[in-house]
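Trainee: I should like to understand how the descriptive terms used for a structure are justified. May we go through them one at a time?

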Amino acid sequence: KVFPSGVSAELSLPSLCSRLRTLHESSTTEVRAESFRTLTLLSDLFGETQQVETQGLESQLYSSLPHVLVHVNDDEVDVRQRCKSCLHSMVRWLTEQNPVCALAQLMQRPSYAPDKRMDFDEFCRDFAEIWVKECRAHTEDLLVGLVGFFRLPGDTVRANAALLAGCFAGQLGGRGSMRSLISQITTGLISLLQKDPSAVVRQKAVKGLGFCL
């Protein structure tokens, strides 16, 4: 019921995952929540079987991760809960590929259960630290995705993205091949601080910059 008219039921799984990303940013709470529920089903499927029909799904799931991270602190309870469930599912198959990955232990914190409200600032710091150490190959795409949220209309989305991007950039330390991207993030955060009409966004931009500098 959440899919736009004209979207075929015969879409491949990677194409479906890609189409869902538009729905993740819907202004309608029910659509956002249901889109993340569907993404969880796709993530569970990938974790259970990596057969021919799931080829290409992994890269699409990685591309969807910025949306999940931003919306685990969504204003709406239903969306937050669906996103947390989705994040748990993603961490499960990541851990299967890398059994020593510390993300699984992180997600075991009681406040990170789907029905609990987490300390988002704490989550951003800790998730970014582990991700950069253990999933660094996927960090650049994740950061590019987060920067894209700086221009979206929702205040909470921009605020969450600002804090997340700052935490990830801070863990990278401004060195290596991603130096130009980190500079782009810093510039974007400064722009949010100076120009964003939302006090909440400006506050998170300050925190994000604190991690970058």
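The following exchange sets values against the cut-offs behind the terms.

Mentor: Please bear in mind from the outset that this is a predicted model.

Trainee: Why is Gln-60 called buried?

Mentor: Gln-60 lies in helix 3. Its relative accessibility is 19%, and buried means under 20%. Gln-60 therefore counts as buried. Leaving out residues up to four places away in sequence, Gln-60 touches Pro-14, Cys-17, Ser-18 and Arg-21.

Trainee: What makes Gly-56 partly exposed?

Mentor: Gly-56 has a relative accessible area of 41%. Buried requires a value under 20% and exposed a value over 50%, with partly exposed in between, so Gly-56 is partly exposed. Gly-56 is placed in the loop between helix 2 (29-48) and helix 3 (57-71). The C-alpha atoms of Gly-56 and Leu-13 are 8.2 Å apart, although 43 residues separate the two in sequence.

Trainee: Why is Gln-184 described as partly exposed?

Mentor: The relative accessibility of Gln-184 is 44%, and partly exposed covers values between the cut-offs of 20% and 50%. Gln-184 therefore counts as partly exposed. Gln-184 belongs to helix 9, and its C-alpha atom is 26 Å from that of Ser-26, a residue 158 places away along the chain.

Trainee: Let us turn to helix pairs. Why is helix 3 called oblique to helix 4?

Mentor: Helix 3 and helix 4 (residues 77-97) pack at about 140 degrees, with their axes 10 Å apart. An angle must be over 145 degrees to count as roughly antiparallel, so helix 3 is oblique to helix 4. The crossing of these two helices is left-handed.

Trainee: Which residues bring helix 3 and helix 4 together?

Mentor: Those of helix 3 include Leu-61, Tyr-62, Leu-65 and Leu-69, while those of helix 4 include Cys-83, Leu-87, Met-90 and Leu-94. The contact has 12 nonpolar, 3 polar and 2 charged residues.

Trainee: What makes helix 7 roughly antiparallel to helix 8?

Mentor: The axes of helix 7 (residues 139-148) and helix 8 cross at roughly 150 degrees and come within 9 Å. The cut-off for roughly antiparallel is an angle over 145 degrees, so helix 7 is roughly antiparallel to helix 8. Thr-139, Leu-142, Leu-143 and Leu-146 of helix 7 take part in the contact, and among their partners in helix 8 are Leu-164, Phe-168 and Leu-172. By class, this contact has 9 nonpolar, 1 polar and no charged residues.

Trainee: How many residues of each class make up the contact of helix 8 with helix 9?

Mentor: The axes of helix 8 and helix 9 (residues 179-195) come within 10 Å and cross at roughly 145 degrees. Their contact is formed by Ala-162, Ala-165, Gly-166, Ala-169 and Leu-172 of helix 8 with Ile-182, Ile-185, Leu-189 and Leu-192 of helix 9. These divide into 8 nonpolar, 1 polar and no charged residues.

Trainee: Which residues touch the most other members of the largest nonpolar core?

Mentor: They are Leu-87, Leu-103, Phe-123, Trp-131 and Phe-168, in a core of 69 residues. Helix 8 (residues 155-172) supplies the largest share of this core, with 11 residues. Beyond its neighbours within four places in sequence, Phe-168 is in contact with residues including Leu-69, Phe-127, Trp-131 and Leu-142. In soluble globular proteins, nonpolar side chains tend to be buried together.

Note on methods. Residues are numbered from 1 along each chain as its sequence is written. This is a predicted model: local features need pLDDT of at least 70, side-chain atom pairs count only at pLDDT 80 or more; totals for chains, interfaces and linings use all residues. Side-chain values use heavy atoms; hydrogens and water are left out. Helices (H or I, at least four residues) and strands (E, at least two) are DSSP runs, numbered from the N terminus. Buried means under 20% relative accessible area, exposed over 50%, partly exposed in between (1.4 Å probe, protein chains only). A nonpolar core is a set of buried Ala, Val, Leu, Ile, Met, Phe, Trp, Tyr and Cys residues joined through side-chain atoms within 4.5 Å. Contact means heavy atoms within 4.5 Å. Axes are lines fitted to C-alpha atoms, for helices over the stretch in contact, and angles run from 0 to 180 degrees between N-to-C directions. Angles under 35 degrees count as roughly parallel, over 145 as roughly antiparallel, 65 to 115 as roughly perpendicular and the rest as oblique. Ala, Val, Leu, Ile, Met, Phe, Trp, Tyr, Cys and Pro count as nonpolar, Asp, Glu, Lys and Arg as charged, and the others, Gly among them, as polar. A crossing is left-handed if the near helix is turned anticlockwise from the far one by less than a right angle, and right-handed if clockwise.
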